Amino acid sequence: MFFIGIGLLILGLISGIVGGIWGLVQAFAEGTLWGAAYLLIPFAFVIFYMANWSQRQIRKNFILILVGLILSLSGSAVLGDYINNKFVVDAANIPDNSNISNKSENTTEKTEAIAAIYDPFREGINAATKAAELAQVANTQAEWNEVAITWHQALVLMKEVPESHPQYEAAKNRIDLYRNNREIANKKSET
């Protein structure tokens, strides 16, 4: 579906661009004023096509632009459907919270249910891993800036780890390390 959507979108864009350029050439062929209006005034091309509809080449060009628009919209719809199906969280993967009670003895169950949905420690480790990988290949100021931003994200995530988390002590130990790594990356991004 992805490649069909991309193909339709690209084909539609090419058709629209070719039709637009061809229409511009036709407008200048009718006169400099038509060409300038076609190029500079929004929707003047519609008036140009209506005024010159009797010419067969003008009708063909208008149909080419219309086909390009339809193909682009179809490709966008297919891609939108693909993205919606691919990246929207499936409700079946979210734990059912109906069995979690509000009693204090079930605090561990609540923490586990929340951790199953969002684990700042795991996300922080992922961000730190990404930052370390980026740092291995960073050469430019922009690349070092991205490394610094990623270390900052890892740092913020580690600060979000609650005391009840089993990796709380490990998270506390990593905060200073991530802060130092962020500062190093910041210095390298400034040079």
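# Notebook: a look around T150 and beyond

**Entry 1, T150.** I started at T150 and skipped the neighbours within four places in sequence; the residues in contact with T150 are then A127, K130, A131 and L134. A reminder to myself before going on: this is a predicted model. T150 sits in helix α7, which covers residues 141-159. Is T150 buried or exposed? Its relative accessibility is 3%, so T150 counts as buried; the cut-off for buried is under 20%.

I then took one of the contact partners, L134, and looked up the spacing. L134 and T150 are 16 residues apart in sequence, and their C-alpha atoms are 8.8 Å apart in space. I also checked what the side chain of T150 does with its polar atoms. One of them lies 2.8 Å from the backbone oxygen of E146.

**Entry 2, helix α8.** Next I moved to R182, which is found in helix α8, residues 168-190. I wanted to know how much of this arginine is accessible. The value is 15% relative accessibility, so R182 counts as buried. Which residues does R182 contact, once the neighbours within four places are left aside? I found A148, W151, H152 and L155.

A170 lies in helix α8 as well. Here the relative accessible area is 23%, and A170 is partly exposed. I compared positions with M158: the two residues are 12 apart along the chain, and 9.1 Å separates their C-alpha atoms.

**Entry 3, helix α3.** Helix α3 runs over residues 44-51, and its buried residues are A44, F48 and Y49. Why do I say that they line one face? Looking down the axis of α3, I see the buried residues fall within an arc of 140°, so they line one face of the helix. On the other side of α3, I noted I47 and M50 as exposed.

**Entry 4, aromatic rings.** F48 and Y49 came up again when I turned to rings, since both belong to one aromatic cluster with W34, Y38, F43, F45, W53 and F62. How many aromatic pairs does the whole structure hold? The search gives 10. I picked W53 and F62 for a closer look. Their ring centres are 5.5 Å apart and the planes stand at 80°, so I logged the pair as edge-to-face; planes over 60 degrees apart count that way.

I looked up the accessibility of both partners too. W53 has 38% relative accessibility and counts as partly exposed. F62, at 28%, also counts as partly exposed.

**Entry 5, the chain as a whole.** Stepping back, I counted 8 helices and 0 strands in the protein chain. Along the sequence the pattern reads α-α-α-α-α-α-α-α. The chain has 191 residues, and 27% of them count as buried. About 12800 Å² is exposed, with carbon and sulfur atoms supplying 62% of that area. For contacts between residues at least 6 apart in sequence, I found that 57% join residues at least 24 apart.

**Entry 6, confidence.** Last, I checked how far to trust the coordinates. The average pLDDT of the protein chain is 83, and 83% of the residues score at least 70. Where does pLDDT stay under 50? I found this over residues 89-94, for which the model has 1 contact beyond four places in sequence. Where pLDDT is low, the predicted coordinates should not be read in detail. I have therefore marked residues 89-94, with pLDDT under 50, as a stretch not to read in detail.

Note on methods:
Residues are numbered from 1 along each chain as its sequence is written. Side-chain values use heavy atoms; hydrogens and water are left out. pLDDT is the predictor's confidence in each residue, from 0 to 100. Contact means heavy atoms within 4.5 Å. Buried means under 20% relative accessible area, exposed over 50%, partly exposed in between (1.4 Å probe, protein chains only). Helices (H or I, at least four residues) and strands (E, at least two) are DSSP runs, numbered from the N terminus. The arc is that of the directions from the helix axis to the C-beta atoms. Rings of Phe, Tyr and Trp (its six-membered ring) pair if their centres lie within 6.5 Å; planes under 30 degrees apart count as stacked, over 60 as edge-to-face and the rest as tilted. A polar contact is a pair of N or O atoms within 3.5 Å; within protein, one must be able to donate a hydrogen and the other to accept it, and residues adjacent in sequence count only if both atoms are side-chain atoms. Accessible areas come from the Shrake-Rupley method with a 1.4 Å probe; for residues, only the protein chains shown count as cover.
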